[in-house]
Amino acid sequence: MLERMWGAVVNALEKLARGLDERRADPLVRLGGLVREVGAAHCRIGIRSPVLKLGDRMQVRSGDTVQQGEVIRIDDAGVTLKPFDARIEAGLGALAYRVNSGDPCPAETWKGRVIDALGRPVDGLGDLAAGAHPMPLDASPPPAMRRARVHAPLRTGVRAIDLFTPLCAAQRIGIFAGSGVGKSTLLAMLACCEGFDTVVVALVGERGREVREFLEGPVAASRSRAVVVVATGDESPMMRRQAPRMAVSIAEYFRDRGQSVLLIVDSVTRYAHAARDVALAAGEPPVARGYPPSVFGDLPRLLERAGPGLEGGGTITGFFSVLVDGDDHNDPVADSIRGTLDGHIVLDRSIADQGRYPAISLLGSISRLADHVWTSEQKDLVRALRNLITRYEDTRDLRLMGGYQAGSDPELDQATIVVPRVYAALRQDPSQPASADAFADLAAALRA
């Protein structure tokens, strides 16, 4: 009898524990508290619960105003909430409560639409149809040993890239540039690449006027297969931090359905700036030029989600622009991103000052997967051209001062003839058609 009673008690306790676990996992459980402190960028809520965790969404209701934010710190005194709005409207004593996670539910009908960082339409074309399954904003990348290998060549149509830094489908490449050097224009040219089922674009921290210019310019031809996530520079750090994560989640949705996806993020640096603001608000100490440690963990977690999917599945080819602060390519953020990606294309301000666009530094750019694209003859040709360009650039000052006499160095004589023709052949405007064969175009320019 005693054993049966004890068994009944144990079963009842196990059932109660399962019920509590289910309630804790339910995102709609109304856990709430009152606002105890309001700062310039965050507010404190007096709530202590084992259910709340970092990243949970909460709403703050103050009169008729409802603002949504994310939990960025939890301690014994309560939680720190950073709102998605640029300004905090709540006052002391306002009610705050947990809401659902905010993970997007993409669908095929999202193609051709423009949304904000929270997945809300901003193009005036009506509501978005929700898909069947939510995609987590902070998903893990595919397991390393199950990811497909990258080897299929990708033609971008940009001659300088297809010649000197050729890419592969599912590669992740960084566009490193200072401000005003043509970074966004080059990304618009790359957005027109053929061979992709879906294009996902995240415009992070851009000027408001540039959004329509980007969408209605060279990208207009790809709009029907593109999903664009926008968080302009005047929006809050939370929105700028959220936009790339939203874009990657949408790209993963299409990848998981076997599609070839082109992901463009402009720019990752502004994402890092926003992540820095959020981390500092959470109380993290700055360790490298004002950046807290978590920023250097967030960057690879975001970038690694792009690339090849599982063997036999879809892929995400990533183009990530990196705004180099003060043209310092050894900036901690730029250095961290460069070490994570599969190559980098450097835009040089001195080349832009000469009127050569795209202002790609042929000697400073590299694709780690170029050997999968070049034939042995093309590889030898590119190596020879790089050698001539190096000789040409190293002796520029000497030649300008008249310190070099033609005929004294046959290789330099050849460089002074060939390299200007190469530079002229690589000039390309967004209004020009994409190059079908970069090596054929270069051969024609050299013969001329």
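## The largest pocket

By class, 17 nonpolar, 7 polar and 16 charged residues make up the lining of the largest pocket in this predicted model. That lining comprises 40 residues, and those that lie nearest the centre of the pocket are Gly55, Glu70, Asp138, Arg241 and Arg245. Five elements each give two or more residues to the lining, namely the helix α1 (2–25), the strand β4 (65–75), and the helices α5 (237–255), α6 (268–281) and α7 (295–303). The space in the largest pocket comes to about 980 Å³.

## The second largest pocket

The second largest pocket holds about 560 Å³ of space, and 30 residues line it, with Gly182, Lys183, Ser184, Thr185 and Glu210 lying nearest its centre. At least two residues of this lining come from each of α3 (183–190) and α4 (208–216), and α3 gives the most, with 6 residues. Sorted by class, the lining of the second largest pocket has 14 nonpolar, 7 polar and 9 charged residues.

## Enclosed cavities

Turning from open pockets to enclosed space, a search of the whole structure finds 2 cavities of 30 Å³ or more. In general, empty space is revealed by rolling a probe the size of a water molecule over the atoms. The largest cavity has a volume of about 80 Å³, and its lining consists of Ala160, Ile351, Arg356, Tyr357, Pro358, Ile360, Leu362, Tyr423, Leu426 and Arg427. In terms of class, 8 of these lining residues are nonpolar and 2 are charged, with no polar residue in the lining of the largest cavity.

The second largest cavity holds about 40 Å³ of space, and the residues that line it are Cys43, Val60, Gln67, Gln68, Gly69, Leu81, Pro83, Ile88 and Ala90. Two or more residues of this lining come from each of β4 and β5 (78–83), and the largest share, 3 residues, comes from β4. By class, the lining of the second largest cavity has 6 nonpolar and 3 polar residues and no charged ones. The strand β4 is therefore named for two linings, since β4 is among the elements that give two or more residues to the largest pocket and also supplies residues to the second largest cavity.

## Histidine 273 and serine 361

Histidine 273 lies in helix α6, which is one of the elements giving two or more residues to the lining of the largest pocket. Histidine 273 counts as buried because its relative accessibility is 19%, where the cut-off for burial is under 20%. Leaving aside neighbours within four places in sequence, histidine 273 is in contact with Tyr291 and Asp325.

Serine 361 is found in the loop between α9 (349–353) and β17 (366–367), and because its relative accessibility is 13%, serine 361 also counts as buried. Not counting residues up to four places away in sequence, serine 361 touches Val346, Asp348 and Ile351; of these contacts, Ile351 is also one of the residues lining the largest cavity.

## Cysteines

The structure holds 0 disulfides. Cysteine 168 is accordingly in no disulfide, and the nearest cysteine sulfur to it, that of cysteine 193, is 13 Å away. Cysteine 193 is likewise in no disulfide, and for this residue the nearest cysteine sulfur is that of cysteine 192, at 7.7 Å. Cysteine 168 counts as buried because its relative accessibility is 0%, and cysteine 193 is buried as well, with a relative accessible area of 1%.

## The protein as a whole

The secondary structure of the protein comes to 13 helices and 17 strands, and the C-alpha trace spans about 105 × 50 × 45 Å along its principal axes. Of the 448 residues in the protein, 50% are buried, and the accessible surface comes to about 21,000 Å², of which 52% belongs to carbon and sulfur atoms. Among contacts between residues at least 6 apart in sequence, 72% join residues at least 24 apart.

Conventions. Residues are numbered from 1 along each chain as its sequence is written. This is a predicted model: local features need pLDDT of at least 70, side-chain atom pairs count only at pLDDT 80 or more; totals for chains, interfaces and linings use all residues. Side-chain values use heavy atoms; hydrogens and water are left out. On a 1 Å grid over the protein atoms alone, a cavity is a set of points where a 1.4 Å probe fits but cannot get out, and a pocket is an open set with protein on both sides within 12 Å along at least five of seven lines; lining residues have an atom within 4 Å of a point. Grid points are joined across faces, edges and corners, and a volume is the space filled by probe spheres set on the points. Helices (H or I, at least four residues) and strands (E, at least two) are DSSP runs, numbered from the N terminus. Ala, Val, Leu, Ile, Met, Phe, Trp, Tyr, Cys and Pro count as nonpolar, Asp, Glu, Lys and Arg as charged, and the others, Gly among them, as polar. Buried means under 20% relative accessible area, exposed over 50%, partly exposed in between (1.4 Å probe, protein chains only). Contact means heavy atoms within 4.5 Å. Accessible areas come from the Shrake-Rupley method with a 1.4 Å probe; for residues, only the protein chains shown count as cover. A disulfide is a pair of cysteine sulfur atoms within 2.5 Å.
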